[in-house]
2 protein chains.
Amino acid sequence: MAVQTTASTTDSASGAPAPFGPAAALSCRECGTRYPLSPVFACLECFGPLEVAYDLPTGDPEALRARIEAGPTNIWRYAPLLPVPADVATKPNINPGWTKLVKADNLARELGITGGLHVKDDSGNPTHSFKDRVVAIALEAARTFGLTTLSCSSTGNLAGAVGAAASRAGLRSCVFIPHDLEAGKVVMAAVYGGELVGIEGSYDDVNRFCSELIGDPIGEGWGFVNVNLRPYYGEGSKTLAYEIAEQLGWRLPDNLVIPIASGSQLTKIDKGLKELIALGLVEDKPYKIYGAQAEGCSPVSAAFKAGHDVVRPVKPDTIAKSLAIGNPADGPYVLDIARRTGGAVEDVNDEQIVDAIKLLARTEGIFAETAGGVTVGVLKKLIESGQLDPAAETVVLNTGDGLKTLDAVAPTTGPTATIRPTLAAFREAGLA
Amino acid sequence: MAVQTTASTTDSASGAPAPFGPAAALSCRECGTRYPLSPVFACLECFGPLEVAYDLPTGDPEALRARIEAGPTNIWRYAPLLPVPADVATKPNINPGWTKLVKADNLARELGITGGLHVKDDSGNPTHSFKDRVVAIALEAARTFGLTTLSCSSTGNLAGAVGAAASRAGLRSCVFIPHDLEAGKVVMAAVYGGELVGIEGSYDDVNRFCSELIGDPIGEGWGFVNVNLRPYYGEGSKTLAYEIAEQLGWRLPDNLVIPIASGSQLTKIDKGLKELIALGLVEDKPYKIYGAQAEGCSPVSAAFKAGHDVVRPVKPDTIAKSLAIGNPADGPYVLDIARRTGGAVEDVNDEQIVDAIKLLARTEGIFAETAGGVTVGVLKKLIESGQLDPAAETVVLNTGDGLKTLDAVAPTTGPTATIRPTLAAFREAGLA
């Protein structure tokens, strides 16, 4: 496997951009041990997760803001803050990001929010979920490391994001899914023409098999975006924090409501917000981070409510399949962040999820996937229970697209009436 | 019905922005008779279709370009060229447009195009089709005319676009569909919470019924986006021309490949390109417009090939349902434009459509709906038949999203293999 085990943060003698931009090393989240930038993901000392450490640009925040604002309308405008080379935007990518931050006055009115409400709507990404952000950073790392196959285990959104990104970049892709996935999701995963392998077993079996592949010579040259490229992959979620702040006019909201699957997205958004403050790009002010889970897979919410520091794994049973990770790797970090910032973790049941999907569609014209029903439903519950101040300014995330989870709303969403094509029938149906 | 029958192009005495911006009147496309800006759509003299006529801004193109570039990253950056008030971006809209123009080098290589190829990918719109553009302009006209119900007949994309736009704007919506539509499309049409009425009959029956409603007192206050608001609605397609030119660096491509349903989109893109030249925003140079149809609904292609000026209606039978209009209202204008510019009209069969959807996905990571399969398939055929110069620069449109037409590719899109989760099984399947 062609692996570059060190990376300079400055331009090399050749004058080419530093391959990882401002990234300086991988750093263990638990013990702080540092490693060269390479395709590894666990600390050799303590098995803790590795994350990217930076030498971030110092100097005039105004100049940095201007540089960002002059950049492309996608995540690469934040290249100075990501583990990517300065010329990343010139390479073939599907260029996610710069999705809409929708001022949701109608929804705010229904929920009794007076301090302002925005929906960060990531269904606008190329394959219609936030996964395009994380895959884009992992893809760039794969290119730098000379990896030639992009891979992942997936039950839906991630498969499409990996397939699309690899096709455009001219890399081979090989994606692993449980063999009994819904037909629609199989089509989405297969249409980009990469290899798609059904595994006879559960999602856990798929994951275990991927770990085996990484350790085997077969896996040489393979980048599993959510395994050996995970430290880079995770950084993609920071761009949600950057975009929210920039789209608010370079300032932070009071509250953010974020879905929890593995918990990675929530922790990286917090990391991004802290970077914005450290860089002077936004004013240093308190913010509260709220995590949202489905009741049928709510191990972090349960731990939060019980006052525990550890997260007890569960067997998921919820319509919010993109959040159905029973043993969330970043669960403890999520608990830390919710408690440190004064936020909370809450959950809603399947009926509340469906109601929230419809509420968001009816008020703002945004058709969210079940994960968006979870965040909007949790926002409603947080207000009703007094955990979130409606007079504060809130941003709620929708991370995916309703077209991918039609089954969730189909049983309760249909025509108002079916009539013969006559004015009399229209009147009789009480529609006039 | 509260109708404003005249509109000034300059600010009124009150200082409010002119409600229709630079639009001066409605003008008959056939006989040129002019009418005040109102919710009418057919000429009283000759029954010809009405379109919006402008007093477009004169003066320094550089200043106009700068004004546009400083605007929002959606269609409202072109407000100075649209029948909307200057403050339109401040009103609740779903804000479509500024979708990606993807440099498609992989696809170009496969097709043998050496002059450069771009895909204008309108699946990035809020409800994932170009219909959001046209509905946005119709919605603004409805607001100005004091209409309170937004309506349409639809078999899919338009229903979602109208529902979403009306919800966000706080208008009532009432959408009419054939009662036997696919379940998924019904969900998309219903989820935004407006009224959805199934009509026992064909799409033609739905249309006829809508015309009856407009003429009845029941229809007072109703804006049917594709009937009595059609002149405004159609203008939304001009923004595709503006965006393509601006995203190319304020210049025109040599060739454009555009799908044909009613033909309105193609004619309005041509109108937009001519405006850009007239305004000095781009250099005046020749361009060729190619129309793309599905073989199972190819009345314009048939007329083009036969050298006819009239289009003989057909009964559609194709998987490209969003293009399945058997009697395209703007067919004769499409023929004029294809012939005047030196382009052509071509068609592809269902198998070629599916192959083209997969080709685009495999090369560029873009999952198009069947209409995108039609344009990419036609592009391939035009090159193979020598009708389109591969050494010239081409832009091909994808107007919708593959997630909405999964059935088209499902039968031929699936896993490479299904295996037990062992390395031996992986090797045996020939995947290593």
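Me: What is the mean pLDDT of chain A, and what percentage of its residues reach 70 or more?

Reply: This is a predicted model, and pLDDT is the predictor's confidence in each residue, from 0 to 100. For chain A the mean is 94, and 97% of the residues reach 70 or more.

Me: Over which residues of chain A does pLDDT stay under 50?

Reply: That stretch is residues 1-12 of chain A, for which the model nevertheless has 34 contacts beyond four places in sequence.

Me: How can chain A be laid on chain B?

Reply: Two copies of a chain are related by a rotation about an axis and a shift along it. Here, a turn of 180° with a shift of 0.0 Å along the axis lays chain A on chain B with an RMSD of 0.0 Å, and that is the relation of a two-fold axis. In chain A, the C-alpha nearest to this axis belongs to A:Gly124, which lies 3.0 Å from it.

Me: Through which surface do the copies meet?

Reply: The copies meet through the same surface, because 100% of the interface residues of chain A are also interface residues in chain B.

Me: In what order do the three strands of the open sheet in chain B stand?

Reply: Strands of a sheet pair through backbone hydrogen bonds, either parallel or antiparallel. In this sheet of chain B the order is β2-β1-β3, and the pairing is antiparallel. The strands β2 (34-35) and β3 (50-54) of chain B stand at the edges, each with a single partner strand, so one side of each is left without a neighbour in the sheet. Strand β1 (residues 23-28) of chain B pairs with β2(B) over two bridges in the antiparallel sense, and B:Leu26 stands opposite B:Tyr35 of β2(B).

Me: How many salt bridges does a search of the whole structure find?

Reply: Such a pair is recognised when a side-chain nitrogen of Lys or Arg lies within 4 Å of a carboxyl oxygen of Asp or Glu. The search finds 58 of them over all chains. One of these joins A:Arg208 to A:Asp205, whose closest N and O atoms are 2.5 Å apart.

Me: Where do A:Arg208 and A:Asp205 lie in helix α6 of chain A, and how far apart are they?

Reply: Both belong to helix α6 (residues 203-215) of chain A and are three residues apart, which means that about one helical turn separates them. A:Arg208 is exposed, with a relative accessible area of 53%, whereas A:Asp205 counts as partly exposed at 23%.

Me: Which parts of chain A does the pair of A:Glu346 and A:Lys305 link?

Reply: The side chains of A:Glu346 and A:Lys305 meet in a salt bridge at 2.7 Å, N to O. The pair links distant parts of the chain, since A:Glu346 lies in strand β12 (residues 344-348) of chain A and A:Lys305 in helix α10 (residues 299-306) of chain A, 41 residues apart.

Me: Is A:Glu346 buried or exposed?

Reply: A:Glu346 is buried, with a relative accessible area of 6%, while A:Lys305 counts as partly exposed at 48%.

Me: What is found for B:Glu346 and B:Lys305 in chain B?

Reply: B:Glu346 forms a salt bridge with B:Lys305, with the closest N and O atoms 2.7 Å apart. This pair links strand β12 (residues 344-348) of chain B, which holds B:Glu346, with helix α10 (residues 299-306) of chain B, which holds B:Lys305. B:Glu346 is buried at 6% relative accessible area, and B:Lys305 is partly exposed at 49%.

Key:
Residues numbered from 1 in each chain as written. Chains lettered and ligands numbered in written order. Predicted model: local features only at pLDDT ≥ 70, side-chain atom pairs only at ≥ 80, totals over all residues. Heavy atoms only, no water. Least-squares fit on C-alpha atoms with pLDDT ≥ 70 in both. Contact = heavy atoms within 4.5 Å. Pairing = 2+ DSSP bridges. Helix = DSSP H or I, 4+ residues; strand = E, 2+ residues; numbered from the N terminus. Buried < 20%, exposed > 50% of the residue type's maximum accessible area, 1.4 Å probe, protein only.
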